[in-house]
Each structure stands twice: as structure tokens, then as C-alpha cells.
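Subject: Structure handover

Hello,

Here is the structure we talked about. Please look through it, then read my notes below.

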Amino acid sequence: MTWKRRKACRKTFCKTGITPPPLHINVCLPDPDPAWNPGSCDLYPAEPPEENGFRGSLAELARALRFKSRDGLVVMIGGLDPTEQAPARWLANELKAPVVADATSGLREELAHLALTDADALLREHPPAVLLRLGDVPVGRFWRDLEDIPATEVFSVTRTGFSGLARPSSVVTGDLEAILHALGDIDTVGDVNGLRAMNKRRKALMEELLITCPESEQAMVRSFSCFAADGDCIYLGNSMPVRYWNSFAQTSIPTENVRANRGANGIDGQISGFLGVSARCSRSWALVGDLTAMYDSNALALLPQLDRGTRVLGVINNGGGGIFRTLPGADGQPETMRKLLVQPHAHSFKAIAEQWGMRYLTIRTAEDFDQLDSLEENSQTLVELIPDREQTEQMRLRLANA
Ligand SMILES: Cc1ncc(C[n+]2csc(CCOP(=O)(O)OP(=O)(O)O)c2C)c(N)n1
């Protein structure tokens, strides 16, 4: 069928209310070059890309930190290179301004004394005069809200050079440690607008709800994070596990090596990503959604090819794409549309675990987490977390209306 006919056909279906059939697109790729010889392929790791040279205005950044931040400064820290962690920690501790640190910064726990918990709503109501971003583009909602808050001046210090915003902002590109050396003395700014004090009530409510809703997704992420803290790497795959981790994971034990993937591939390739990250780790943990896990479950066939190591793949099975149950306006969608978005299902991951020779555990209650106490060295375990939907919703609504 030609594209034109297909479009006309879809229009007809829309008018009649009949669901159109699936569309299969064949993408034509050129034939491989016959001269290409896989035998001479170089499989050694490539040289790291060249460092981004220094770009941007240090004077402007220094002025903002010294003068403008007297009206309020918040530091948002995205993913960091291991070499950036020490300078970022030092800067945050010197400034003493409120911090929102993504798990992938590796500093989320170490900067908990400066942190705003679940800060999106608070920052939307009380946007700071200056926002300093360190590292990768932060995943928090407030970063995206900044597009519509021109009164907040945004400064990014990043090795990538990407501003991560469509609106004007200042970017200083280069090596963080070198940039801090060049900036010289840093004055303490502190919590000028009392954001941490305002955040206390919310923090207390969150802790209370984690206790009263122990079978919610949020509380399960907290419990899972307590066990995962003994690993040497943690992998988070697709959107909700990343967001949940940033808001609800434990903050007492530092977890420097946290990798997350919620970008270009979406839910695709996440188990492969985890196995790749785990290749050099002796004890690695992952937390992904159920649709995300199903999408790439065949990747588990790689397990026998990997170096020894203890691997725990946690799957939050909330029976479909939970993120789409909570979208604004989701309740008003017709049932057919909701089914398309959420892809509800009642599958268990037991057979998948067995197929690939993994130990299988189910967790439905707080007590069930005790099973994670007895993980054998070099074992491969799939942990299916089955949260209570009502408790999850109750917790979400209480926090949203706090
Ligand atoms: C390859 C791909 N297809 C579709 C999407 C759209 N998408 C984003 S999140 C999501 C659902 C994820 O569901 P699940 O893994 O169960 O996590 P949950 O939302 O329940 O936390 C989908 C389908 C995507 N990001 N990538």
C-alpha cells in the first residue's frame, strides 16, 4: 500500500471509529560493503574522545556566584564523571546552597545534608534567582520548568557543552576541577530563601508515607535501594525507576557508581545496558520497569558469556507502563486509549528467569525483602517487585497535594 493510500485509509478508519490495522514500516538500508572484512575488525576499546576545550565566561559565573546568588541560589547536579565528583562535592559544600543531586552524580547521599527532597513543586513555587548546574542535564522536572522561568538565571558548568535548555542560559564548558581552580575563592551563599526549612515538612511527610504505605512502588524502591547500597554499581532503566530513585532511595550510604538510561533508546536495550555496566563489577544491581524488562528480556541470553559476578535484576511489575496511568488527563481517556498507552498485562517474570537460568524471587511485602539477605556470591537473580497499586496512588496523591 502506498503512503498516500495508507493515510486515506487511516482517515476512513477514524471516521468509522474502527481501529486501523498496525503499520509495518520497512526501512531500506544500503547493502553492506562487500570489501568490509569483519576478520580485521579492531575490537579493542577506542581512544576516549578528545576533551572539550574550555569555553564560556568565567567572569560572568564568578559575578553570579558572588553577587546575584545573594537573592537565592540552587545547585542542580546531573550525571558526573568520576573525576568530577570531588570538585563538585567541594563546590557544593563551600556554597552550602540547596542542592538537587541526581543519583547519577554519585553524590546524592553525600550531599544529603544540603539536599532538597522531591524538590520540583517547591522550586516551581520559589524559583531561585540563580541556578547553577553541574555535570549532565539534570533529570528533575524543575530543570524543564526553567524553560518558562526566565527570571531565574541559569549557569551550566559541564564537560559536554550542551546547555540542555531552549531558552537563553550561560554555559561554561571544560574540566570542572580546572574551572574551579580558575574561579578562585568561593564565598558561602547558604540557603538564602529558607528552601531547606520549607522542604522539611515535605521530607517528614514522605518518610511517614514510606512507613504507612510499605507496599507502594515508592517504598519498595526505598527498600530495594537499602540492599543495593552494598553493590559496586547500580543501573536504573527508564523513566519511573530513575525518578523514584532520585526521590525515594536511601540517603545514608554513599553509592558513587549509579548509571541511568532514560534517553535516546527509551525503554529499549535496558537489560543489555545493565549487563554491559555490570561487566566490570563484582556485585551489581538494576531496577527497571516491567515493560522495559520485557522489551529486552532476550539480552539475558548473554549471561553465560559474562565474567563472574553477583547480578540482581529488579523488575517493578506494576502490570504495564505505570507512568502512563499518572499522566495529566489520563483518567479522562477512553478505555481503548488507556489500554494502548498502559499496555496492561498479568505476566509474571518467573518463566523468563527460569529460561535464562536465573534464581527468581517475588517481593510483595516489606518482609519479603528479607530474601535479599541471602544472595549467593556470583549468582544471577531476577527479583520481581509487585507493588500495591492503591498504596502507590495514595502516596503519589498525598505528596502531590502536600
Ligand atoms: C523504544 C520505546 N518505546 C516506547 C517508549 C515510550 N515509553 C516510555 S515509558 C514507557 C512505559 C514504561 O513502562 P515500564 O517499563 O513498565 O515502567 P513504568 O512506567 O511502569 O515505571 C513507554 C512505552 C519508549 N520510551 N521507548
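Glu335 is partly exposed, with a relative accessible area of 47%. The model is predicted, so please read every value here as computed from it. Arg338 is partly exposed too, at 31%. These two residues form a salt bridge, and the closest N and O atoms of Arg338 and Glu335 are 3.4 Å apart. Both sit in helix 12 (residues 335–342). They are three residues apart there, so about one helical turn separates them.

In general, side chains of opposite charge can pair when their charged atoms come close.

Helix 13 (residues 350–355) holds another pair, Lys350 and Glu354. Their side chains meet in a salt bridge, 3.1 Å from N to O. The spacing is four residues, about one turn of the helix. Lys350 has 41% relative accessibility, so it counts as partly exposed. Glu354 is at 49%, under the 50% that exposed residues must exceed. Glu354 therefore counts as partly exposed.

Salt bridges that share partners also build a network. Its members are Asp81, Glu84, Asp136 and Arg159.

Now helix 5 (residues 141–145). Arg141 and Asp145 both lie in it, four residues apart, about one turn of the helix. They form a salt bridge, with 3.0 Å between the closest N and O atoms. Is each partner buried or partly exposed? Arg141 is partly exposed, at 38% relative accessibility. Asp145 has a relative accessible area of 9%. Buried means under 20%, so Asp145 is buried.

Across the whole structure, the search finds 15 salt bridges. Those of Arg141 with Asp145, Arg338 with Glu335 and Lys350 with Glu354 are among them.

Next, the ligand. How many residues surround it? The count is 18. The closest are Asp290, Thr292, Asn318, Gly322 and Ile323. By class, the shell has six nonpolar, 10 polar and two charged residues.

Three distances between protein and ligand are worth checking on screen:

- Thr292: an N or O atom of the side chain is 2.5 Å from an oxygen atom of the ligand.
- Leu291: a backbone N or O atom lies 2.9 Å from an oxygen atom of the ligand.
- Ile267: a backbone N or O atom lies 3.0 Å from a nitrogen atom of the ligand.

On its own, the ligand has 580 Å² of accessible area, and the protein covers 76% of that. Which elements give two or more residues to the shell? They are helix 9 (239–248) and helix 11 (290–295). Helix 11 gives four residues, the largest share of the shell.

One more residue to look at is Thr310. It is found in strand 9 (residues 310–316). Its relative accessible area is 3%. Buried means under 20%, so Thr310 is buried. What does Thr310 touch, leaving out residues up to four places away in sequence? Its contacts are Ser282, Arg283 and Ser284, together with Glu376, Glu377, Asn378 and Ser379.

To view these points in order, start with Glu335 and Arg338 in helix 12. Then go to Lys350 and Glu354 in helix 13, and to Arg141 and Asp145 in helix 5. After that, open the ligand shell with helix 11 in view. Finish at Thr310 in strand 9.

Best wishes

Conventions
Residues numbered from 1 in each chain as written. Predicted model: local features only at pLDDT ≥ 70, side-chain atom pairs only at ≥ 80, totals over all residues. Heavy atoms only, no water. Near = heavy atom within 4 Å. Polar contact = N/O pair within 3.5 Å; in protein donor to acceptor, adjacent residues only side chain to side chain. Areas by Shrake-Rupley, 256 points an atom, 1.4 Å probe, with all protein chains shown as cover. Nonpolar A, V, L, I, M, F, W, Y, C, P; charged D, E, K, R; others polar. Buried < 20%, exposed > 50% of the residue type's maximum accessible area, 1.4 Å probe, protein only. Contact = heavy atoms within 4.5 Å. Salt bridge = Lys/Arg side-chain N within 4 Å of Asp/Glu carboxyl O.
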